[in-house]
Amino acid sequence: MKGLRVRKIFKLAPGVRLNLSKSGGSFSFGSKGFTINLGPKGTRGTVGLPGSGISYSKYEKRSGAMGWVWAFILIAAAMLAYWLRTKS
């Protein structure tokens with residue numbers, strides 16, 4: 001199925017989520033009304049009026065070797081978050 005999407009979201013801390021899907025992983029920071037999503041392909045910022053359905057979103061592509069650097073940072077941060085959760 002071409003249009004089928006599957007993703008899993010892990011809440012790491014209040015306002016911090018790790019998003020995993022078949023196309024990769026990303027981190028989301030924020031809450032209702034304001035969210036920043038950092039992924040290997042770029043960064044998306046979204047601002048909205050909660051409950052109204054009105055929002056504005058801006059996407060900035062990441063280029064070149066930064067995708068590989070971001071993948072390393074993403075894996076290291078996920079391992080650190082897992083370690084911190086199991087330690088407490």
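Let me start with the side chains of Ser-28 and Asn-37, which in this predicted model are joined by a polar contact of 2.7 Å. The side chain of Ser-28 also has a polar contact with the side chain of Asn-19, and there the distance is 2.8 Å. If you want to find Ser-28 on the screen, please look in strand E3, which covers residues 24–31.

Is Ser-28 buried or exposed? Its relative accessibility is 5%, and because buried means under 20% relative accessible area, Ser-28 counts as buried. Leaving aside residues up to four places away in sequence, Ser-28 touches Gly-15, Val-16, Arg-17 and Asn-19, and it also touches Thr-35, Ile-36 and Asn-37.

Now let me turn to Asn-19, the partner at 2.8 Å, whose place is in strand E2, a strand that runs over residues 16–21. Asn-19 has a relative accessible area of 11%, and so it is buried, given that the cut-off is 20%. With residues up to four places away in sequence again left out, Asn-19 touches Lys-8 and Ile-9, then Gly-24, Gly-25, Ser-26, Phe-27 and Ser-28, and finally Asn-37. Asn-37 therefore appears in the contact list of Ser-28 and also in that of Asn-19, if we read contact as heavy atoms within 4.5 Å.

Asn-37 brings me to the largest pocket, because it is one of the residues that lie nearest the centre of that pocket, together with Arg-5, Ser-21, Ser-23 and Ser-26, where lining residues are those with an atom within 4 Å of a point. The volume of the largest pocket is about 780 Å³, and 27 residues line it. Which strands supply at least two residues each to this lining? They are E1 (7–13), E2 (16–21), E3, E4 (34–39) and E5 (42–49). When we sort the lining by class, we find 13 polar residues, seven nonpolar ones and seven charged ones.

Strand E5 is also where Gly-45 lies. Its C-alpha atom is separated by 9.6 Å from that of Ser-28, and the two residues are 17 residues apart along the chain. Beyond the residues up to four places away in sequence, Gly-45 touches Thr-35 and Ile-36, as well as Tyr-56, Ser-57 and Lys-58.

For another place in the chain, please look at Glu-60, which lies in strand E6, residues 54–61. Glu-60 has a relative accessibility of 49%, which means that it counts as partly exposed, since exposed is reserved for values over 50%. How far apart in space are Glu-60 and Gly-42? Although 18 residues separate them in sequence, the distance from C-alpha to C-alpha is 5.5 Å. Gly-42 is also touched by Glu-60, as are Lys-41 and Thr-43, not counting residues up to four places away in sequence.

Let me finish with the chain as a whole. It has six strands and one helix, and from the N terminus on, the order of the elements is β-β-β-β-β-β-α. There are 88 residues in the chain, and buried residues make up 15% of them. The chain exposes about 7,100 Å², with 65% of that supplied by carbon and sulfur atoms. Finally, among the contacts in the chain with a separation of 6 or more, 14% are between residues 24 or more positions apart.

Notes:
Residues numbered from 1 in each chain as written. Predicted model: local features only at pLDDT ≥ 70, side-chain atom pairs only at ≥ 80, totals over all residues. Heavy atoms only, no water. Helix = DSSP H or I, 4+ residues; strand = E, 2+ residues; numbered from the N terminus. Buried < 20%, exposed > 50% of the residue type's maximum accessible area, 1.4 Å probe, protein only. Polar contact = N/O pair within 3.5 Å; in protein donor to acceptor, adjacent residues only side chain to side chain. 1 Å grid on protein atoms, 1.4 Å probe; cavity = no way out; pocket = protein on both sides within 12 Å on 5 of 7 lines; lining within 4 Å. Points joined across faces, edges and corners; volume = space filled by probe spheres on them. Nonpolar A, V, L, I, M, F, W, Y, C, P; charged D, E, K, R; others polar. Areas by Shrake-Rupley, 256 points an atom, 1.4 Å probe, with all protein chains shown as cover.
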